[in-house]
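Subject: The structure I promised you

Hi there,

Here is the structure I said I would pass on. Have a look at it first, and then read on for what turned up.

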Amino acid sequence: MSSPLVERIELDELTCWRVRTEDAELQVAQQGAQILGYQRDGEPPLIWLSNQAAYQKGKAVRGGVPVCWPWFGDLRRNPAEVQGMHEGGPLCPAHGLVRELDWELLNIDTDGPTVHMAFAVDSRSPLLPGWPHAAKLRLDIRLGEALQVSLTSHNLGDTPLAISQALHSYFAISDIREVEVEGLDGCPYIETLEDWQLRKQQGNIAFSGETDRIYLKTPSRMSIVDRAWKRRIQLDVEGSASAVVWNPWIDKARRLSQFAEDAWQGMLCIETARVMDDILVLKPGEEQRMVLNIASKPL
Ligand code: TA6
């Protein structure tokens, strides 16, 4: 059994790490503590990364697992408590303020065949524009037989914090027209493409057009069933009861940066989240963790 190898690499403007264990490889960028790639030997990648990805300071890389925090999506579409944390002003980017920041690498350690990396960002340094609150955000990545990603929010201030967040995971699939998402049957969801109407999922999710849904009261396990690649990407979560399911399809794909015209066919976002009626409300001193475990199972 060879011991894991961790090497620091530069991808254009970004400092990254490549982690090699006995049967898998992972790449992570210091910017956003963003997982850029994850692949297990002998199978296609599990995490999708755009073949037009740009590795530039201050610009989110298309693909991987961007961290959306301290709000998800358009701040104006968030619950009032989350909106109220922002003091207004022009800087209000989609998906919050941390995916384009360099996070601090806290440590890299190995435990036998498993590698653990920990990153953190402190909202007081650098100050997050328009969000004047004291909080610490930590991302723990554990690569072993599966990939575990934990996002921990810690309220360091003396007033409550209301946060929406997501691990905006892009998964690699054979063909969006052939895969299904299992596990969300019966869950309510917000259909963001049709006036944010509330609907209810019937059976597995299949895809035949642009899909951008916020699922609520979600279970602890959901899967992408990919028969062509003879695998199930199994997602087990803790500390989350909401998830976003997104594929841009043809027309929106043309409007996305760092996104080839046909890239919509080979990717699917299942985003482990705390959004809408599932936002994070942290009392002073409180911390809460959201955990995503990504496993590949043969079909
Ligand atoms: O999570 C789904 C979504 O909000 C989509 O509406 C789309 O905008 C996607 O995120 C990508 O957002 P980004 O800012 O990374 O281009």
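In which helix is the place of R255? It is helix 2, which covers residues 249-255. Before we go further, please keep in mind that this is a predicted model.

R255 counts as exposed because its relative accessibility is 61%, and the cut-off for exposed is over 50%. From the C-alpha atom of R255 to that of V291 the separation is 31 Å, with the two positions 36 residues apart along the chain.

**The ligand**

Now to the ligand. Which pocket does it take up? The space that the ligand fills is the largest pocket. Around it are R62, F72, H95, R99, H168, Y170, D212, V244, W246, K252 and E271. Sorted by class, this shell has five charged, four nonpolar and two polar residues.

Three of the polar approaches are worth finding on your screen:

- R62 has a polar side-chain atom 2.9 Å from an oxygen atom of the ligand.
- For R99, the distance from a polar side-chain atom to a ligand oxygen is 2.9 Å.
- In E271, a polar side-chain atom lies 2.8 Å from an oxygen atom of the ligand.

On its own, the ligand has 390 Å² of accessible area, and the protein covers 80% of that.

H95, one of the residues around the ligand, deserves a closer look. You will find H95 in the loop that runs between helix 1 (80-83) and strand 6 (104-111). Is H95 buried or exposed? H95 is buried, because its relative accessible area is 13% and the limit for buried is under 20%. The side chain of H95 also reaches the backbone nitrogen of G73, at 2.8 Å.

**Two buried residues and a partly exposed one**

A273 sits in strand 21, residues 267-274. With a relative accessibility of 0%, A273 counts as buried. A273 and Y215 are 58 residues apart in sequence, and their C-alpha atoms are 9.4 Å apart in space.

V82 has its place in helix 1. This residue is buried too, as the relative accessible area of V82 is 2%. From V82 to W71 it is 11 residues in sequence and 7.0 Å in space, C-alpha to C-alpha.

L5 is in strand 1, which spans residues 5-11. How much relative accessibility does L5 have? The value is 47%, so L5 counts as partly exposed. L5 and T114 are separated by 109 residues in sequence, while the C-alpha to C-alpha distance between them is 10 Å.

**Backbone points to check**

A little background helps here. Most peptide bonds are trans, and most residues other than glycine have a negative phi. With that in mind, here are the places to look at.

Which residues does a cis peptide bond join in the model? W69 and P70 are joined by one, with an omega of about 5°. P70 is located in the loop between strand 5 (67-68) and helix 1. Another cis peptide bond links S125 to P126, again with omega at about 5°. The loop that holds P126 runs between strand 7 (114-122) and strand 8 (135-143).

Then there is phi. W196 is not a glycine, yet its phi is positive, at about 55°. W196 is placed in the loop between strand 14 (188-191) and strand 15 (197-200). It is partly exposed, with a relative accessible area of 24%.

K217 is not a glycine either, and it has a positive phi of about 50°. Where is K217? Its place is in the loop between strand 17 (211-216) and strand 18 (221-226). At 60% relative accessibility, K217 counts as exposed.

If you want a place to start, try the ligand, which takes up the largest pocket, and then go on to H95 in its loop between helix 1 and strand 6. After that, the cis peptide bond joining W69 and P70 and the positive phi of W196 make good next stops.

Happy looking, and do write back with any questions.

Best wishes

Key:
Residues are numbered from 1 along each chain as its sequence is written. This is a predicted model: local features need pLDDT of at least 70, side-chain atom pairs count only at pLDDT 80 or more; totals for chains, interfaces and linings use all residues. Side-chain values use heavy atoms; hydrogens and water are left out. A residue is near a molecule or strand if one of its heavy atoms lies within 4 Å of it. A polar contact is a pair of N or O atoms within 3.5 Å; within protein, one must be able to donate a hydrogen and the other to accept it, and residues adjacent in sequence count only if both atoms are side-chain atoms. Accessible areas come from the Shrake-Rupley method with a 1.4 Å probe; for residues, only the protein chains shown count as cover. On a 1 Å grid over the protein atoms alone, a cavity is a set of points where a 1.4 Å probe fits but cannot get out, and a pocket is an open set with protein on both sides within 12 Å along at least five of seven lines; lining residues have an atom within 4 Å of a point. A molecule sits in a cavity or pocket if more than half of its atoms lie within 2 Å of its grid points. Ala, Val, Leu, Ile, Met, Phe, Trp, Tyr, Cys and Pro count as nonpolar, Asp, Glu, Lys and Arg as charged, and the others, Gly among them, as polar. Helices (H or I, at least four residues) and strands (E, at least two) are DSSP runs, numbered from the N terminus. Buried means under 20% relative accessible area, exposed over 50%, partly exposed in between (1.4 Å probe, protein chains only).
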